[in-house]
2 protein chains.
Amino acid sequence: MHNDLDDIDLRILRILQADARITSSDLAQQVHLSQSPCWKRVKRLEKMGLVSGYHAGLNRRALGWGMMAFVMVEIEKQDDSSSSAFIQAVQAMEEVVMFHGIAGPQDFMLVVVARDLDDYGQLLQRQLHRLPGVRRVSSFLSLEEFKGQLHHMPIPAAAAAPH
Amino acid sequence: MHNDLDDIDLRILRILQADARITSSDLAQQVHLSQSPCWKRVKRLEKMGLVSGYHAGLNRRALGWGMMAFVMVEIEKQDDSSSSAFIQAVQAMEEVVMFHGIAGPQDFMLVVVARDLDDYGQLLQRQLHRLPGVRRVSSFLSLEEFKGQLHHMPIPAAAAAPH
DNA sequence: CGTGAAAAAAACGCAGG
DNA sequence: CCTGCGTTTTTTTCACG
């Protein structure tokens with residue numbers, strides 16, 4: 001069984017990535033297929049796991065997340081038992097929107113959102129720094145977003161206050 | 001005119017973020033509203049710009065992007081004319097999926113995908129390092145993704161080869 | 001692949017409470 | 001906010017070339 005993608009599949013993916021709500025007939029038109037076979041391709045792409053889901057993209061600032069930071073963390077030991085505690089704790093923090101283990105002297109890269117600088121300071125002091133085995137934390141605050149909207153961001157418990 | 005969000009709005013956003021394809025009646029049920037007013041809320045949230053769009057989430061590895069890296073770049077001068085050339089060039093690179101100006105000794109943080117290490121090396125040498133005014137580039141390669149799927153990733157021109 | 005078509009489901013909009 | 005109703009659109013499936 002081979003499941004390679006042809007050009008049309010790639011174009012379908014490109015379009016669905018930009019607009020997941022396009023109707024299947026419009027989509028079919030744009031890739032120059034008729035509705036029925038086009039729809040089958042979409043379902044196939046979903047089954048193949050190429051499309052992992054459909055998500056609303058939310059406006060970070062409108063939700064009250066005025067701050068974003070890249071955070072690098074170095075931990076004491078890299079053995080499984082101690083790092084897995086760290087990993088679990090970080091995964092549970094909803095302000096952490098991205099979390100990767102990385103190669104190099106530092107061990108982890110986090111992308112974090114916060115309401116403002118105060119909020120971020122508290123997050124750092126009261127949560128990140130207190131996690132088990134944390135040796136060093138370096139923050140790089142975002143000043144401007146040139147590319148790449150964040151998706152999957154936390155929804156605050158209380159309402160945002162757009163001004 | 002005030003446009004604050006109540007609890008139900010936030011729950012709607014949370015649900016749409018997880019599944020943009022939910023039907024409005026199912027959504028209504030989950031937030032304990034009836035279909036009609038629930039639907040109006042969604043439209044209102046869209047008009048308010050809280051929902052910026054609906055997007056298919058794609059599988060990075062299935063698309064052939066086996067590598068991901070965080071890249072910090074320091075440029076020569078921070079004046080507008082020279083940095084804007086850099087910014088434009090980076091924005092045009094489709095492998096760059098996230099691109100922020102940051103505070104600190106480094107000037108920019110990029111999140112980059114590549115097919116493999118070779119591909120990444122070429123990207124670095126042939127593109128990033130050659131951009132005008134680049135002083136220093138530091139790479140942090142992702143070893144493991146603990147949290148935060150990437151969205152809006154480039155669709156390769158040629159088909160991916162899932163094995 | 002294509003076409004056409006038809007049944008089922010959803011979206012959308014409006015009335016009256 | 002609700003319920004209900006109707007119209008339009010879309011989805012989904014199927015038969016056939």
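These legends describe close-up views of a predicted model.

**View 1. The protein surface around DNA strand D.** Residues from chains A and B surround this strand, among them Thr23(A), Gln35(A), Lys43(A), His32(B), Pro37(B) and Arg41(B). By class, the surface has three nonpolar, seven polar and two charged residues. Of the strand's atoms within 4 Å of the protein, 75% belong to sugar or phosphate. The rest belong to bases.

**View 2. Polar atoms of chain A beside DNA strand D.** A backbone N or O atom of Ser24(A) lies 2.8 Å from a phosphate oxygen of the strand. Trp39(A) has a side-chain N or O atom 3.1 Å from a phosphate oxygen. Ser36(A) faces a base instead: a polar side-chain atom lies 3.1 Å from a base nitrogen. Two elements each give two or more residues to the surface near the strand: α3 (35-47) of chain A and α3 (35-47) of chain B. α3(A) gives the most, with four residues.

**View 3. The interface between chain A and chain B.** Here 67 residues of chain A are in contact with 67 residues of chain B. The buried area is about 6000 Å², and carbon and sulfur atoms give 58% of that. Gln17(A), Phe146(A) and Lys147(A) supply 14% of the area that chain A buries against chain B, more than any other three residues. The count of salt bridges between the chains is zero. Polar contacts join 44 residue pairs. On chain A, the side touching chain B divides into 41 nonpolar, 16 polar and 10 charged residues.

**View 4. Strands paired across the chains.** β5(A) runs antiparallel to β3 (residues 96-102) of chain B. Four bridges join the two strands. Glu144(A) stands opposite Gly101(B) in β3(B).

Notes
Residues are numbered from 1 along each chain as its sequence is written. Chains are lettered from A and ligands numbered from 1 in the order in which they are written. This is a predicted model: local features need pLDDT of at least 70, side-chain atom pairs count only at pLDDT 80 or more; totals for chains, interfaces and linings use all residues. Side-chain values use heavy atoms; hydrogens and water are left out. A residue is near a molecule or strand if one of its heavy atoms lies within 4 Å of it. A polar contact is a pair of N or O atoms within 3.5 Å; within protein, one must be able to donate a hydrogen and the other to accept it, and residues adjacent in sequence count only if both atoms are side-chain atoms. Ala, Val, Leu, Ile, Met, Phe, Trp, Tyr, Cys and Pro count as nonpolar, Asp, Glu, Lys and Arg as charged, and the others, Gly among them, as polar. Contact means heavy atoms within 4.5 Å. Buried area is the accessible area (1.4 Å probe) that two parts lose on being put together, summed over both. A salt bridge is a side-chain nitrogen of Lys or Arg within 4 Å of a carboxyl oxygen of Asp or Glu. Two strands pair if DSSP finds at least two bridges between them.
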